[in-house]
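Trainee: I should like to work through this structure with questions about individual residues and then about the ligand. May we begin once it is displayed?

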Amino acid sequence: MERLHQTLHGILQSIENAATLASRPNAVRLLAVSKTRPPEAVRELAQAGQRAFGENYVQEALAKIGALPGLGLEWHLIGHLQSNKCREAAEHFDWVQSVDRAKLVDALDRARPESMSPLNVLVQVNVDGEAGKSGCRPDDVPVLADHIAASPRLRLRGLMAIPEPHPDPDQRRDAFRRLKALFDAVAARHPGVDTLSMGMSEDFELAIAEGSTLVRVGTALFGARGQ
Ligand SMILES: *Cc1c(COP(=O)(O)O)cnc(C)c1O
């Protein structure tokens with residue numbers, strides 16, 4: 001327990017160092033990726049001040065969200081979203097980062113309850129054009145972004161991507177740069193766009209150097225995931 005607090009503070013320090021080096025102090029947030037972790041681990045981090053948590057699977061997330069009421073947490077869906085899960089996602093999450101096709105935009109917009117504030121949405125981009133991977137093509141980003149921005153129950157906030165885990169850091173840097181350029185183009189068209197979600201345990205410092213505003217960290221925070 002004590003260890004989780006220390007690890008959190010070490011990661012926050014590394015994020016802040018990288019952000020300061022990039023002349024963007026206080027401009028990068030941590031999303032704690034809690035998939036496969038028990039609610040108790042989330043509660044521990046919440047007690048240490050962490051607010052934003054990321055989950056990949058809607059059913060797992062709903063159980064966790066239900067087990068942790070009243071903590072003021074911010075829940076992000078970062079895993080692949082099927083259209084038959086859009087209603088639950090729209091009713092229980094604060095953000096959906098994995099929107100990669102028009103059908104999801106319409107389903108989330110229809111399902112977001114009037115009693116809640118608009119759902120924050122990121123366009124997921126398959127930046128390296130990998131076969132079988134979630135995310136829209138880079139060329140499809142502008143149309144999808146316009147569609148989200150025109151949906152009353154959604155709020156377009158930016159882009160998310162999982163670049164190919166290339167062993168060569170220069171190749172990863174190149175993917176982050178291409179994402180930053182796409183992000184700048186979307187932000188120039190849409191005033192509310194402020195979030196570029198890129199960088200994970202292995203490469204969040206590099207991602208911050210290239211313009212990330214939100215890093216998604218699981219393993220470096222909680223340790224290796226079980227099988
Ligand atoms: C699991 C996951 C992460 C966290 O990855 P780590 O390498 O454990 O930090 C980040 N983003 C997405 C979309 C994930 O599925």
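Trainee: Is Asn26 buried, partly exposed or exposed?

Mentor: This is a predicted model, in which local features need pLDDT of at least 70, side-chain atom pairs count only at pLDDT 80 or more, and totals for chains, interfaces and linings use all residues. Residues are numbered from 1 along each chain as its sequence is written, and side-chain values use heavy atoms, without hydrogens and water. By relative accessible area, buried means under 20%, exposed over 50%, and partly exposed in between (1.4 Å probe, protein chains only). Because its relative accessible area is 70%, Asn26 is exposed.

Trainee: Where does Asn26 lie, and what is its phi?

Mentor: Helices (H or I, at least four residues) and strands (E, at least two) are DSSP runs, numbered from the N terminus. Asn26 belongs to the loop between helix H1 (2–21) and strand S1 (29–33). Most residues other than glycine have a negative phi. Asn26 is not a glycine, yet its phi is positive, at about 60°.

Trainee: Which class of exposure does Thr36 have?

Mentor: Thr36 is in the loop between S1 and helix H2 (39–47), and its phi is also positive, near 70°. Because its relative accessibility is 47%, Thr36 counts as partly exposed.

Trainee: Which residue has its backbone oxygen 2.7 Å from a polar side-chain atom of Ser98?

Mentor: Ser98 is part of strand S4 (residues 95–99) and counts as buried because its relative accessibility is 1%. A polar contact is a pair of N or O atoms within 3.5 Å; within protein, one must be able to donate a hydrogen and the other to accept it, and residues adjacent in sequence count only if both atoms are side-chain atoms. The partner of the Ser98 side chain at 2.7 Å is the backbone oxygen of Gly79.

Trainee: How many nonpolar, polar and charged residues form the shell around the ligand?

Mentor: The residues around the ligand (a heavy atom within 4 Å) include Val33, Lys35, Asn56 and Thr219. Ala, Val, Leu, Ile, Met, Phe, Trp, Tyr, Cys and Pro count as nonpolar, Asp, Glu, Lys and Arg as charged, and the others, Gly among them, as polar. By class, the shell has five nonpolar, four polar and three charged residues.

Trainee: What share of the ligand's exposed area does the protein bury?

Mentor: Polar side-chain atoms of Ser201 and Arg216 approach the ligand, the former 2.5 Å from an oxygen atom and the latter 2.8 Å from a nitrogen atom. A polar backbone atom of Gly218 is 2.8 Å from a ligand oxygen atom. Taken alone, the ligand exposes 390 Å² (Shrake-Rupley method, 1.4 Å probe), and the share buried by the protein is 90%.
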